[in-house]
Amino acid sequence: MKDDSTHSIPATHNMADFLASSVHDMKNSMNMLIVGLDKALASIETTQLAAHAELVQMNHEAKRINNNLIQLLTLYRLGHNTYPFDPQPIHLNDFLYAIVAPYEKLLKLHGINLEINVNPELYGYFDEDLISGVIGNALNNAMRFTHDHIQITAIKNNEVLELRIEDNGNSYSAQILQKNGDHMHRVNFQECSTGLGFTFSAMVARMHHNQGRVGELKLENSRSLKGACFILRLP
């Protein structure tokens, strides 16, 4: 006799919690992979290997994926109001050079010159971890599209900190500039883009506000390098 009772797999009570837990597990695995790659690259013998360049690239990609997972978890925490938002006075010179340091081997590998322009006395007021993620996203994009030159500039105008990441690759199309980044929120399967980086960066920018002014992102074409220019403004 057929059993008419229903035996279904229990539905996940909260899909967001389930996905966040899964992302956390993946991040732990990526951390183990990164530790192993770092050890391999730190060995003297590795520099003699024909595959040294591939190891450098793999290490970079593993760290990029890990950063994406961290940003997913951060978006989850922001959505649940559990992220410990902590703006502090930040010395821009030290901040920017610390961000760039992990990219030195990859920049050298691809023959990319990276220039940082910042007043040694300049300070900003922001959440260091969150803005590190925003600048990292912009730097990864610039490295992907530049020919051989990237420029990072930090200036302050009318009490607004402006961080610019420019490259000498192809400039933005008129369509992209007209939408000014809105298209990047959409998933593009042909280009393997989910818009995660821009979504994260836009949310982080809006979290920073002061006296009625709110942080913002802007895309434009670089006047100095003739390529793309990503701009983050923080009041």
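This briefing describes salt bridges and one helix packing in the structure above. The model is predicted, and nine salt bridges are found in it. Three of these pairs are set out below, together with a network that links eight named residues, Glu162, Arg164, Glu166, Glu216, Lys218, Glu220, Arg223 and Arg233. The last group of points turns to the packing of helix α3 (residues 92-100) with helix α5 (residues 128-145).

**A salt bridge between helices α1 and α2**

- Lys63 and Asp38 form a salt bridge through their side chains, with an N to O distance of 3.5 Å.
- Because Lys63 belongs to helix α2 (residues 52-79) while Asp38 belongs to helix α1 (residues 15-42), this pair ties together parts of the structure that are 25 residues apart in sequence.
- Lys63 has a relative accessible area of 28% and is partly exposed, and Asp38, at 32% relative accessibility, also counts as partly exposed.

**A salt bridge within helix α2**

- The side chains of Glu61 and Arg64 are joined in a salt bridge, for which the N to O distance is 2.9 Å.
- Both residues lie in helix α2, and because they are three residues apart there, about one helical turn separates Glu61 from Arg64.
- Glu61 is partly exposed, its relative accessible area being 28%, and Arg64 is likewise counted as partly exposed, at a relative accessibility of 32%.

**Lys218, Glu220 and the network**

- A salt bridge connects the side chains of Glu220 and Lys218, with 3.8 Å from N to O, a value that falls within the 4 Å cut-off for such a pair.
- Glu220 counts as buried at 12% relative accessibility, because the limit for that class is under 20%, whereas Lys218, with a relative accessible area of 30%, is partly exposed.
- Glu220 and Lys218 both take part in the network of salt bridges, whose members also include Glu162, Arg164 and Arg233.

**Packing of helix α3 with helix α5**

- Helices α3 and α5 pack with their axes 10 Å apart and at an angle of about 50°, and the two helices are therefore oblique to each other.
- The crossing in which α3 passes α5 is right-handed.
- On the α3 side the contact is made by Phe95, Ile99 and Val100, which meet Glu128, Ile131, Ser132, Ile135 and Leu139 of α5.
- Sorted by class, the residues in this contact of α3 with α5 comprise six nonpolar, one polar and one charged.

Notes. Residues are numbered from 1 along each chain as its sequence is written. This is a predicted model: local features need pLDDT of at least 70, side-chain atom pairs count only at pLDDT 80 or more; totals for chains, interfaces and linings use all residues. Side-chain values use heavy atoms; hydrogens and water are left out. Helices (H or I, at least four residues) and strands (E, at least two) are DSSP runs, numbered from the N terminus. Buried means under 20% relative accessible area, exposed over 50%, partly exposed in between (1.4 Å probe, protein chains only). Axes are lines fitted to C-alpha atoms, for helices over the stretch in contact, and angles run from 0 to 180 degrees between N-to-C directions. Angles under 35 degrees count as roughly parallel, over 145 as roughly antiparallel, 65 to 115 as roughly perpendicular and the rest as oblique. A crossing is left-handed if the near helix is turned anticlockwise from the far one by less than a right angle, and right-handed if clockwise. Contact means heavy atoms within 4.5 Å. Ala, Val, Leu, Ile, Met, Phe, Trp, Tyr, Cys and Pro count as nonpolar, Asp, Glu, Lys and Arg as charged, and the others, Gly among them, as polar.
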